[in-house]
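Visitor: I'd like to go through this one slowly and ask how each label is earned. Can you show it to me?

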Amino acid sequence: MTESARLDELDRLVIAALLANPRATNAQIGEAVSSSEATVSRRIARLRRDRTVLVVGALDSQISHRARTVFVRLRCTPGAGNDVAYPLAQWREAGSVKLLTGSVDCVAELAYTSNEHLYRVMMKELPQLHGVVATFSNQVIRRFATPHSWNPGILPDEAVATLRASRRDRWHERPEPDEVAPMSTLDERLLAEMIVDGRIGWQELAARCGVTPSTARRRTEQLMERGILRMRAVVEPEVLNLTVNAFIWLSINPTKLSQAGERLARHRSVLMIAATTGDRNLCGEVAVANDSALYDFLSETIGNLPGLIHADVAVSLRTVKRAGMLTEPT
């Protein structure tokens with residue numbers, strides 16, 4: 001039985017509410033899904049215990065100027081996809097790794113701290129992975145949408161807007177600042193705890209960091225408001241009955257790049273879309289219900305993008321790593 005088959009409609013509504021606001025209170029979620037606070041509490045506890053959904057904090061490496069991002073597509077020798085993807089997922093640089101079917105066999109999102117770091121990864125470390133025959137890289141230069149803002153359309157728009165209104169972190173995208181204020185030792189400790197447990201209470205967070213609850217809350221919310229700490233509910237699209245997860249690599253006329261990226265960012269099937277360098281200048285991830293829905297998305301949405309020159313699509317076969325966390329092999 002698949003994970004999605006074990007969930008009922010209330011489970012999916014609760015997950016959708018966590019996507020809208022990962023730190024929403026049980027009472028706020030109960031109001032959004034028309035259920036009691038106690039029921040919501042039990043559902044969230046079970047969903048998190050089973051790792052159906054994870055709620056985590058994330059350091060925005062670009063806003064904090066800690067790192068930059070590159071998407072790497074890998075073509076492998078026949079049968080070598082696992083031999084490439086699983087070792088790659090162990091790298092600290094790897095935020096996500098997926099096995100695909102299409103023009104490439106694997107895609108990874110890697111973080112790098114300097115051009116020298118990227119040089120080592122691309123020119124030395126990736127070619128050493130057994131089974132790699134070709135690599136293609138696309139550096140992210142502008143994010144239009146990320147999973148922090150994903151709204152799969154399960155909850156009514158009004159409920160999503162209400163939940164988002166109480167978020168303290170920046171769920172939408174904005175250009176990275178020219179300069180960023182340094183973080184203190186306390187900031188780093190708060191960030192480390194939030195990355196492990198995005199729904200940790202202020203009392204417990206304060207106890208772990210040796211400060212008062214009011215200080216813990218104030219300093220954490222400052223990190224959120226600056227865009228350095230961002231909250232995320234991590235869930236595989238299949239859990240929400242979106243059984244086709246695919247990656248798109250598009251070539252867009254540069255004069256239409258922003259227009260195309262912003263249009264895709266508003267589409268509910270899009271988890272992530274970013275402008276990039278390389279052979280494709282707009283790259284993203286989508287999730288839809290079935291092959292027919294993918295056909296409609298490609299023919300109606302992608303096909304009608306302004307400035308479209310070329311489109312390449314690869315369907316995901318398996319998630320090896322998402323949001324910096326390894327998945328359980330099946």
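Visitor: What makes Glu285 and Lys98 a salt bridge?

Guide: A salt bridge needs a side-chain nitrogen of Lys or Arg within 4 Å of a carboxyl oxygen of Asp or Glu. For Glu285 and Lys98 the N to O distance is 3.8 Å, so the pair meets that definition. Keep in mind that this is a predicted model, where local features need pLDDT of at least 70, side-chain atom pairs count only at pLDDT 80 or more, and totals for chains, interfaces and linings use all residues. Residues are numbered from 1 along each chain as its sequence is written, and side-chain values use heavy atoms, leaving out hydrogens and water.

Visitor: Which parts of the chain does the pair of Glu285 and Lys98 tie together?

Guide: Glu285 sits in strand E9 (residues 282–288) and Lys98 in strand E3 (residues 94–101), so the parts they join are 187 residues apart in sequence. Helices (H or I, at least four residues) and strands (E, at least two) are DSSP runs, numbered from the N terminus.

Visitor: Why is Glu285 called buried?

Guide: Buried means under 20% relative accessible area, exposed means over 50%, and partly exposed is in between (1.4 Å probe, protein chains only). Glu285 has 6% relative accessibility, so buried is the right word. Lys98 gets that label too, because its value is 3%.

Visitor: How do you know that Arg143 and Asp60 form a salt bridge?

Guide: Their closest N and O atoms are 2.9 Å apart. That is within the cut-off, so the pair counts. Arg143 belongs to strand E5 (residues 132–145), while Asp60 is in the loop between strand E1 (54–59) and strand E2 (68–76), 83 residues apart. Both Arg143 and Asp60 are buried.

Visitor: What makes Glu204 partly exposed?

Guide: Its relative accessible area is 39%, which falls in the in-between range, so it is partly exposed. Arg208, at 38%, earns the label partly exposed as well. These two form a salt bridge, with 2.4 Å between the closest N and O atoms. Both are in helix H9 (residues 202–209), four residues apart, or about one turn of the helix.

Visitor: How many salt bridges does the structure hold?

Guide: There are 23. Some are joined up: Asp8, Asp11, Arg43 and Arg46 are linked in a network. As a general point, side chains of opposite charge can pair when their charged atoms come close.

Visitor: Why is Val160 called buried?

Guide: Val160 has a relative accessible area of 4%, so it passes the test for buried. You'll find Val160 in helix H7 (residues 157–165). Not counting residues up to four places away in sequence, Val160 touches Ala20, Asn151 and Leu155, where contact means heavy atoms within 4.5 Å.

Visitor: What does the secondary structure of the whole chain come to?

Guide: The chain has 12 helices and 11 strands. Its radius of gyration is 20 Å, close to the 20 Å that the globule rule gives for 330 residues, so the chain is as compact as a globular protein of that length. The radius is taken over C-alpha atoms, and the rule is 2.2 Å times the number of residues to the power 0.38.

Visitor: How many of the residues count as buried?

Guide: Of the 330 residues, 51% do. And among contacts with a separation of 6 or more, 77% are between residues 24 or more positions apart.
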